[in-house]
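Me: Please show me the model, and then let us discuss how its strands and helices are arranged.

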Amino acid sequence: MGICYSSTRKEVREAENGEGEGVGNRWRKKSREKKSGGGDQESVLNHIPGRIAGNGSSKIACLHTQQGKKGTNQDAMVVWENFGSRNDAVFCGVFDGHGPYGHMVARKVRDSLPLLLSNQWKAEETGSECGDDESYDSMEVEESDKVPEMYLPLKKSMLKSFKLMDKELKLHPMIDCFCSGSTAVTLIKMGEDLIIGNVGDSRAVLATRDEDNYLHAVQLTVDLKPDLPREAARIHQCKGRVFALQDEPEVARVWLPNNDSPGLAMARAFGDFCLKDFGLISVPDLYYRRLTSKDEFIILASDGVWDVLSNIEAVDIVASAPGRSTAARALIDCAVRAWRLKYPTSKNDDCAVVCLFLDHPHAENGTENKDVMATNESNETLAQTNTVSADTEMLDNSSCDHNAEAKMTAKSQSKRSLAECISSTEEEEWSALEGITRVNSLLSIPRFLAGDRRSASWRKWL
């Protein structure tokens with residue numbers, strides 16, 4: 001037992017420093033780990049204190065993911081406290097994979113990107129060289145939120161680590177990233193400062209209170225869709241095409257110049273190398289925000305949540321959850337029910353949620369508890385008001401025929417309160433499991449070569 005513990009501690013240190021077999025060499029020796037694209041690295045990372053990469057919670061965060069009805073769960077997430085051996089640093093990320101091997105790409109990015117970022121950050125602070133020193137074109141980096149000078153090394157480290165992550169995927173021997181990729185919405189919290197890096201259409205939302213102490217939502221990132229003017233301009237300049245299909249005119253997609261594929265529904269992503277010469281990039285949008293005592297928590301989530309819930313709805317659900325440890329699951333439960341109500345003939349998407357709670361040192365526990373009680377009382381009052389209104393309407397219209405009563409019942413059921421949505425735990429039967437998929441991130445795979453030759457030769461084509 002002592003030998004096993006000693007070996008594990010050594011592997012943990014190697015994983016944190018990006019050294020040794022534990023990071024990416026030994027997994028090649030085992031066929032079982034080959035199939036998962038790096039299982040040994042994942043097992044080592046799971047022993048690092050303060051790191052959570054599955055459903056669970058800690059004192060400051062909770063995480064939850066749930067498979068949709070499209071197949072394998074391609075979402076991944078991570079929370080890493082004391083990130084980079086810094087007591088006040090927390091790393092959070094949500095990764096939404098797409099394509100045939102999207103689940104493997106998302107998990108690989110979840111496991112490798114924080115290590116790359118940690119190593120680059122240390123190298124920037126010490127002035128040593130680490131990895132590829134080639135920088136991005138400054139025009140490709142978000143400049144609307146200026147990063148304080150003290151965090152410029154971290155900003156540069158994020159840009160480098162995202163580039164190295166994409167390069168690592170391109171050269172990966174076991175994960176075919178030609179038409180598979182992943183989004184990434186990540187943040188580092190350092191004390192009261194936030195640095196956010198975003199690639200794709202996953203989203204970060206802040207819950208904060210206004211002058212009247214009402215909770216409202218602030219979107220921290222931009223969904224990087226292909227029809228955004230700056231994204232479309234870059235894609236067109238690189239000879240890629242952007243258009244929506246007739247049966248889904250609201251979903252803009254990226255297409256190859258002379259081939260109606262793959263139809264990617266985002267303008268930036270890790271992987272997807274079939275489009276990297278035609279305008280798709282993995283350069284993150286970077287944002288900075290200084291937190292205040294009014295800020296309460298941050299939600300990171302994949303588009304499976306944001307496709308059916310607004311920012312303020314998500315914030316209200318998390319704020320109304322019975323406890324912090326169940327907040328992420330409560331949000332996903334509500335998202336799944338919203339899919340069933342809004343799109344009854346569609347297959348709901350995978351969902352992944354990270355909730356990071358902001359505990360300010362000067363905040364009083366009494367005030368925090370009072371705010372939570374006020375929120376719960378407000379939701380209970382709203383539920384009671386809805387119930388009384390429905391009862392009154394039914395009494396006033398008791399002479400209506402059965403069709404009117406059926407419509408009224410359906411209407412009242414579709415307007416369940418937040419409290420009812422969260423507290424409902426019964427498994428409801430859903431008759432549309434074989435329905436169409438509402439929005440696929442990727443529509444088709446280009447066929448440059450026949451059969452297995454394409455999988456083995458696509459890197460040469462690039």
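**Sheets and packed helices**

Me: In this predicted model, which residue in β13 does Leu256 stand opposite?
Reply: Strand β12 covers residues 252–256, and Leu256 belongs to that range. Three bridges join β12 to β13, and the two run antiparallel. The residue opposite Leu256 in β13 is Asn259.

Me: Which are the edge strands of the open sheet of three strands?
Reply: The order of this sheet is β11-β12-β13, with antiparallel pairing. From one strand to the next, the twist averages 40°. An edge strand here pairs on one side only, and the two are β11 (241–244) and β13 (259–264).

Me: What is the order of the strands in the open sheet of six?
Reply: The pairing in this sheet is antiparallel. Its edge strands, each pairing on one side only, are β2 (56–57) and β10 (215–219). Read across, the order is β2-β3-β18-β16-β9-β10.

Me: How many bridges join β9 to β16?
Reply: Strand β9 spans residues 203–209 and β16 spans residues 295–301, running antiparallel. Arg203 stands opposite Ala301 in β16. The number of bridges joining these strands is six.

Me: What angle does the direction of helix α9 make with that of β10?
Reply: Helix α9 (residues 311–319) packs on the sheet. The strands touched by α9 are β9, β10, β16 and β18 (351–357). With the direction of β10, the direction of α9 makes about 130°.

Me: At what angle to β3 does helix α10 run?
Reply: Helix α10 comprises residues 327–342. This helix lies across β3 (61–66), β16 and β18. Relative to β3, helix α10 runs at about 30°.

Terms used: Residues numbered from 1 in each chain as written. Predicted model: local features only at pLDDT ≥ 70, side-chain atom pairs only at ≥ 80, totals over all residues. Heavy atoms only, no water. Pairing = 2+ DSSP bridges. Helix = DSSP H or I, 4+ residues; strand = E, 2+ residues; numbered from the N terminus. Contact = heavy atoms within 4.5 Å. Axes fitted to C-alpha atoms, helices over the stretch in contact; angles between N-to-C directions.
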